[in-house]
Amino acid sequence: MRIVFKQVSKNFGFIDALKDIDFEIKSGEFAFLFGPSGSGKSTIIKLILSQITPSSGQITIGKHQLSTIGKKDIDSVRKKVGIIFQNYQLIPDRSIEENIALSLDITSHPKDKIQSKVDEVIKKVNLTTRRLLYPSQLSGGELQRASLARALAINPEIILADEPTGNLDRQNSWNLVKLLKDINQKHHCTILMATHDVDIVKSLNKKIIHLQNGRIVKSKKI
Amino acid sequence: MATFKATWHHIRRSPFQSLTAIFIMIICFLIMSFYALTSHGLSAVLQYFETRPEVTIFIKDGLDQNTVESLQKELAGYPDVKEIRFISKEKALDIYKEQNKDNPLLTEMVTASILPASFEVSVSDPAILSQIAQNFSAKTDMIDEIIYQKDIIQNMLIWTAFIRKIGLIIALCTVTVTFFIISIIIGMKITNRKDEIRISRLLGASKFYVKKSFLLEGVTYGLLGSLLGSGITFSTILYFKNNINVYFQPINFVSSDPNFYAVILLAQVLFGILVGYLASWIGVKRYIKY
């Protein structure tokens, strides 16, 4: 599933959060949204998820043009997107297993296959022994892997990762990036990862959309 | 299944709010069931009097046998007269003694001479009673007093209507209070779970998906509250059934018909579900806006 931004701007009152953003991420491509805090990375992620609407311009996700689709289609687009957040966004009073099962239930996964799918992704992110624990009982690295497992469970066509390494130590950050790279290679799903970590961006030979003050300053493949 | 699980999860995770919701529903249906049973009992009392068309004609003292017989003949001449019973002074005394057998002081003071003789007239068509009462009340030289069931029924109608109105007002007030409390409790639960709702929406859950577990929660409160409230009232009333029915003898104030209780229970459960659903719907509509 491709992501296309055409002349997208977003204002919050007098503040220009994004100005004339143009980029295209092809289906199956891995791209970084790179830039310092406040550069507009999270705004782009929010626009893709239709949490906010652009002030001007067009956003296309797969075949859907977000400015023209209805609420039902927004839900169906979201069902094809796996999301990973810096602060994990796991439901605190549900176990890791239940958090993953919830996303499968939302995406109307067959009821009798939910458990096997949960088992599969939990094994993939190496959280088998932590499956019955609650988010508060897990470390940062484990939480981010649980978040990745939830994203992977729905067989997403796009994975959006908003500063996923922001709360992780070096080792866990590298492990997560490696996992994302493997998923991109094996499943050919489009991955857009927002980060301000220059080492991570340089370590992979992937497309970079470099943002500063809401504008693209560079967009290239290293 | 996931919705039931989510609903159970919501109930379990905020037990005091859930218990308050169930408790208020129980109180509401305790009052409603009590109102339904009392209303039915009052109907039984009314029906008892309505189906016993009777007029009692007290005759004046000192009438000779011929006059009494001519009165009896006149009464027998009316159509649809089922039975005419003449209660002589002596018989009236016997009845009085029987009624007051536990209080010898009252019976000692009374003799047959101070009690009036009377005719008790039963008819098959209640319409004829007013005609008899009207015609005989004109015979002031022979008739002392006429007691006509219509007066009793009219008084009872006024009282039962009053009791029913008061009961209905109390029941409506309780339902309204319950409705708002459930709606507020559901709203509080939604506020407590706003992160869960937001995350679910980001994962692609439709608005209905996130709403349905809260709607089911309201329905659960309605179902449990109506079942428990009705159950407690029914078992209490049935436990005291004999005592109550002895007091209202020969009327069966408390019904023994299981079908009657089944119908009331079904109606209350359906009403409970409706109240729970509508209250949670209001709560959900008010609080889920994202």
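## Chain A, its core and its contact with chain B

In this predicted model, the secondary structure of chain A comes to seven helices and ten strands. The radius of gyration of chain A is 17 Å, close to the 17 Å that the globule rule gives for 222 residues, so chain A is as compact as a globular protein of that length. Residues 24 or more positions apart account for 69% of those contacts in chain A that have a separation of 6 or more. The table gathers some overall values for chain A.

| Property of chain A | Value |
|---|---|
| Span of the C-alpha trace along the principal axes | about 45 × 40 × 35 Å |
| Radius of gyration | 17 Å |
| Share of the 222 residues that count as buried | 44% |

**The nonpolar cores**

The largest nonpolar core holds 71 residues, and the members that touch the most other members are Leu33(A), Ile48(A), Ile100(A), Ala149(A), Ile159(A), Leu160(A) and Leu192(A). Helix H5 of chain A, which covers residues 140–153, gives the largest share of this core, namely seven residues. Leu160(A) can serve as an example: when its neighbours within four places in sequence are left aside, Leu160(A) is in contact with Ile45(A), Ile48(A), Val81(A), Ile83(A) and Leu192(A). Apart from the largest core lies another core, of 24 residues, and among them are Phe29(B), Ile182(B), Leu216(B) and Val219(B).

**One residue of helix H3**

Ile96(A) is found in helix H3 of chain A, and this residue counts as buried because it has 27 C-beta neighbours inside 10 Å, where 20 or more are needed. Once its neighbours within four places in sequence are set aside, Ile96(A) is in contact with Leu127(A), Arg130(A), Arg131(A), Leu133(A) and Ala146(A). For one of these partners, Arg130(A), the separation from Ile96(A) is 34 residues in sequence, while the distance in space is 7.5 Å from C-alpha to C-alpha.

**Where the two chains meet**

Between the chains, 14 residues of chain A are in contact with twelve residues of chain B. Helix H2 (71–78) and helix H3 (96–106) of chain A each supply at least two residues of the side of chain A that touches chain B, and the largest share of that side, four residues, comes from H3(A). Sorted by class, the side of chain A that touches chain B has five nonpolar, three polar and six charged residues.

Terms used
Residues numbered from 1 in each chain as written. Chains lettered and ligands numbered in written order. Predicted model: local features only at pLDDT ≥ 70, side-chain atom pairs only at ≥ 80, totals over all residues. Contact = placed C-beta atoms within 7 Å. Nonpolar A, V, L, I, M, F, W, Y, C, P; charged D, E, K, R; others polar. Core = buried A, V, L, I, M, F, W, Y, C linked by C-beta atoms within 7 Å. Buried ≥ 20, exposed ≤ 12 C-beta atoms within 10 Å, placed from the backbone. Rg over C-alpha atoms; globule rule 2.2 N^0.38 Å.
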